[in-house]
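Here is a short set of exercises to work through with the model open in your viewer. Try each task before you read its solution.

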Amino acid sequence: MTRQERVLRNAVILLAIATLMLGGLLFWSLRAMAILKGEAAEGESSDIARAGDQPVTDQQWIDELKKKHGDEVLLGLLNHIVVSKEAKALKITVTNHEVEKELQRSMAGYSSEQQYYEQMESELGLSREEVREEAVYRLTLQAVATAGINISESEIDDYLAQNTERFTPKKEMQLSMIKVTTYDEAEKVMDRLEQGENFAELARELSIDEESRLHGGSIGMVEEGDPFWPEDLLKTAAGLEAGDIAGPLQTGETYAVIRLEQTIVPREQDHAEIRQQVREELALEKAPPLQKVESDLRAKYDTAIYIDNSLQD
């Protein structure tokens with residue numbers, strides 16, 4: 001999977017998770033949900049914040065949340081209910097193994113599991129458990145959507161014949177980088193590293209690459225031949241041993257100092273797993289859009305919304 005593919009896949013996953021989790025996550029606390037249901041503790045102060053002498057009450061907060069996100073919250077709750085009902089009716093169960101595989105796919109392109117979960121937390125406010133819960137929901141919804149769709153062995157053979165490169169394992173390099181504006185700045189970085197200064201600390205101090213700087217210079221896994229990285233940089237990295245540092249290296253109009261953290265030669269994927277993955281992807285292509293599946297299930301299970309007819313579809 002190339003860097004572009006990883007970026008696109010992760011963007012889709014982030015969007016899917018954001019949509020699925022918008023309900024509970026945007027209510028920020030269980031206390032807020034309790035208030036929405038009229039379950040606030042008796043005698044509790046209605047003021048939850050203050051700016052100068054101007055208080056903000058529970059009700060103001062909840063009203064604003066309902067106005068801005070109430071539709072998505074409610075539909076999200078209903079979707080979880082009806083998808084669960086349909087999965088039970090179809091005897092669909094998502095296994096722990098399937099969830100782990102899905103999470104591993106989601107982590108592709110991140111330098112570590114920790115970095116992945118940190119990004120989920122910072123961008124979507126999701127805890128590890130919430131990420132896992134939504135992976136279960138996403139897999140369940142996909143299984144429901146593709147129930148009854150048959151993919152022939154010849155269809156899988158044709159896809160594999162046309163996409164051989166996709167399933168050919170490529171060596172990956174886990175890299176860290178300090179990017180600066182000029183060659184002279186990069187040389188000074190090299191000098192400081194050679195004097196024993198910490199790479200991650202220098203990256204946080206000096207690097208102009210915002211994303212990697214936050215992670216001590218880590219840019220994650222980069223495949224050999226990745227067209228989105230300068231060829232010279234990748235060739236240099238490929239010649240390093242774990243822990244080696246190289247630079248200055250030109251990266252467009254900037255310069256970089258890199259460190260090779262590790263090189264990974266991935267194992268050959270299990271043939272049966274590849275075919276199953278292709279089968280699932282081809283089935284999803286034939287299935288209705290997942291949003292329509294959710295909508296159809298809400299209709300099937302006779303959901304009713306009493307607060308806003310615009311949500312009925």
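The exercises below concern a predicted model, and each is followed by a worked solution.

**Exercise 1. Check the span of helix α5 (residues 113-124) against its expected value.**

Solution. Start with the length: helix α5 has 12 residues. The expected span is 1.5 Å times one less than the number of residues, so α5 should span 16 Å. Now compare this with the model, where the end C-alpha atoms of α5 are 16 Å apart, which agrees.

Next, look at how the helix is covered. Q115, Y116, Y117, Q119 and M120 are buried in α5; the cut-off for this word is a relative accessible area under 20%. Finally, step just past the helix: G125 follows α5 and has a positive phi of about 70°.

**Exercise 2. Find which parts of the chain the salt bridge between E100 and R132 ties together.**

Solution. Begin with the contact itself. The side chains of E100 and R132 form a salt bridge, with 2.5 Å from N to O. Then place each partner: E100 belongs to helix α4 (residues 96-106) and R132 to helix α6 (residues 128-146), so the bridge links parts that are 32 residues apart in sequence.

Last, ask how open the two residues are. E100 has a relative accessible area of 36% and is therefore partly exposed. R132, with 21%, is partly exposed.

**Exercise 3. Describe the salt bridge between R213 and E210, and say where both residues lie.**

Solution. The closest N and O atoms of R213 and E210 are 2.5 Å apart. Both residues lie in helix α10 (residues 210-213). They are 3 residues apart there, about one turn of the helix. For exposure, R213 has a relative accessible area of 23% and is partly exposed, while E210 is partly exposed with 49%.

**Exercise 4. Take the salt bridge of E261 with R259, then look for residues joined into one network.**

Solution. In the pair of E261 and R259, the closest N and O atoms are 2.8 Å apart. E261 is partly exposed, with a relative accessible area of 26%. R259 also counts as partly exposed, at 23% relative accessibility. Now for the network: E153, D157, R275 and R279 are joined into one by salt bridges that share partners. To put these contacts in context, a search of the whole structure finds 16 salt bridges.

**Exercise 5. Which residues gather in a patch of negative charge on the surface?**

Solution. The patch is made up of D184, E185, E187, D191 and E194. Pick E194 and locate it: this residue lies in helix α8 (residues 183-194). Then check its exposure. E194 has 62% relative accessibility, so it counts as exposed.

**Exercise 6. Locate E253 and give the separation of its C-alpha atom from that of Y183.**

Solution. E253 sits in the loop between β5 (245-251) and β6 (254-264). With 76% relative accessibility, E253 counts as exposed. Now turn to Y183. E253 and Y183 are 70 residues apart along the chain, and their C-alpha atoms are separated by 10.0 Å.

**Exercise 7. Inspect the backbone at K91, D302 and the peptide bond from G247 to P248.**

Solution. A reminder helps first: most residues other than glycine have a negative phi, and most peptide bonds are trans.

- K91 is not a glycine, yet its phi is positive, about 60°. K91 lies in the loop between α3 (58-89) and α4 and counts as exposed at 76% relative accessibility.
- D302 has a positive phi too, near 55°, in a residue other than glycine. D302 is found in the segment after α13 (290-300), and at 65% relative accessibility D302 counts as exposed.
- The peptide bond from G247 to P248 is cis, with omega near -5°. P248 lies in strand β5.

Key
Residues numbered from 1 in each chain as written. Predicted model: local features only at pLDDT ≥ 70, side-chain atom pairs only at ≥ 80, totals over all residues. Heavy atoms only, no water. Patch = residues over 30% accessible without salt bridge, like charges linked within 9 Å, V, L, I, M, F, W, Y side chains within 5 Å. Areas by Shrake-Rupley, 256 points an atom, 1.4 Å probe, with all protein chains shown as cover. Salt bridge = Lys/Arg side-chain N within 4 Å of Asp/Glu carboxyl O. Lys, Arg positive; Asp, Glu negative; His and termini not counted. Charge placed at Lys NZ, Arg CZ, Asp CG, Glu CD. Helix = DSSP H or I, 4+ residues; strand = E, 2+ residues; numbered from the N terminus. Buried < 20%, exposed > 50% of the residue type's maximum accessible area, 1.4 Å probe, protein only.
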